[in-house]
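This report describes one protein chain and its ligand, beginning with the residues around the ligand and then turning to the core and the overall fold.

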Amino acid sequence: MKQAEHKIPVTKAQLHQHWQQRMEGDNLTNKIVRIKDADYFDTTDPNLDPEQIIYEVTLKESSPETGHLHWGHIILNPGKINDEYFMTRGHYHVNDHTEEYILCMGGYGFLMYLDKDGNCWCEEMEEGSLHHIPAGVGRRIINLDDQPLHLSFCVPADSGTQEFDFEGGVFPCRIFDDNGEPAIRVDLPPVNDGEDESAAEIEALLKM
Ligand SMILES: O=P(O)(O)OC[C@H]1O[C@H](O)[C@H](O)[C@@H](O)[C@@H]1O
């Protein structure tokens with residue numbers, strides 16, 4: 001006898017709603033970054049609403065000890081400050097033995113990595129892409145689309161978050177809209193023409 005089929009039709013919108021409902025219940029923390037908080041962009045734009053949300057991170061926290069995992073969602077909105085796409089501030093983990101996974105649920109963007117030797121590279125994020133962030137590597141996320149970028153992430157409970165020191169000029173690469181196409185600007189350290197150094201050397205020699 002043929003077995004009865006119990007197929008339940010689901011739409012993408014329903015699945016998405018289900019995904020959002022995973023972030024209900026206890027032990028939730030929420031971080032919202034708005035235009036007024038965005039001191040890490042290349043420029044400012046006084047015409048933008050300071051209250052506009054750039055991104056939101058919701059974290060379902062487990063207990064903080066080693067071995068436990070936090071689960072989180074990020075919604076990174078589409079937009080730009082002048083030509084620079086909306087992006088997260090970026091961070092690395094205080095406990096630099098901890099890795100992370102990020103799963104893209106929808107949208108399109110870049111995951112930018114920065115290692116301790118200053119190497120900077122990007123991976124494309126699109127629906128279904130899974131990204132492994134190695135231990136000791138910093139990250140930033142950039143939305144290149146006109147839709148929100150929806151991400152889930154899983155991170156060790158003892159990882160700890162350390163923001164980048166932007167005064168120090170980390171993240172040497174930045175992504176801009178160049179006539180509708182993303183373009184990378186690489187900020188190289190200023191070239192030392194040697195004049196200052198030799199002046200200091202001569203002064204040191206004279207004092208000997
Ligand atoms: O750049 P942040 O403001 O630190 O936040 C955005 C971050 O959200 C979470 O904490 C994830 O662990 C990160 O991988 C992501 O980059």
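## Surroundings of the ligand

In this predicted model, the ligand is surrounded by 14 residues, of which V57, T88, R89, H91 and F153 come nearest. The elements that contribute two or more residues to this shell are β3, β7, β11 and β12.

Sorted by class, the shell is mixed in character, with six nonpolar residues, five polar ones and three that are charged.

## The largest nonpolar core

The largest nonpolar core has 25 residues, and the members that touch the most others within it are L76, L111, M112, I141, I142 and L151. At least two core residues come from each of β2 (53–60), β3 (69–76), β7 (100–106), β8 (108–114), β11 (138–143) and β12 (149–156), and β8 gives the largest share, with five residues. In soluble globular proteins, nonpolar side chains tend to be buried together.

L151, one of the members touching the most others in this core, can be followed further through its contacts. When neighbours within four places in sequence are left aside, L151 is in contact with H73, I74, I102, L103, C104, M105 and I141.

## The chain as a whole

The chain contains two helices and 15 strands, and 21% of its 208 residues count as buried.

Among the contacts in the chain with a separation of 6 or more, 69% are accounted for by residues that lie 24 or more positions apart.

Methods: Residues are numbered from 1 along each chain as its sequence is written. This is a predicted model: local features need pLDDT of at least 70, side-chain atom pairs count only at pLDDT 80 or more; totals for chains, interfaces and linings use all residues. A nonpolar core is a set of buried Ala, Val, Leu, Ile, Met, Phe, Trp, Tyr and Cys residues joined through C-beta atoms within 7 Å. A residue is buried if 20 or more other C-beta atoms lie within 10 Å of its own, exposed if 12 or fewer, and partly exposed in between; C-beta atoms are placed from the backbone. Helices (H or I, at least four residues) and strands (E, at least two) are DSSP runs, numbered from the N terminus. Two residues are in contact if their C-beta atoms, placed from the backbone, lie within 7 Å. A residue is near a molecule or strand if its C-beta atom, placed from the backbone, lies within 6 Å of it. Ala, Val, Leu, Ile, Met, Phe, Trp, Tyr, Cys and Pro count as nonpolar, Asp, Glu, Lys and Arg as charged, and the others, Gly among them, as polar.
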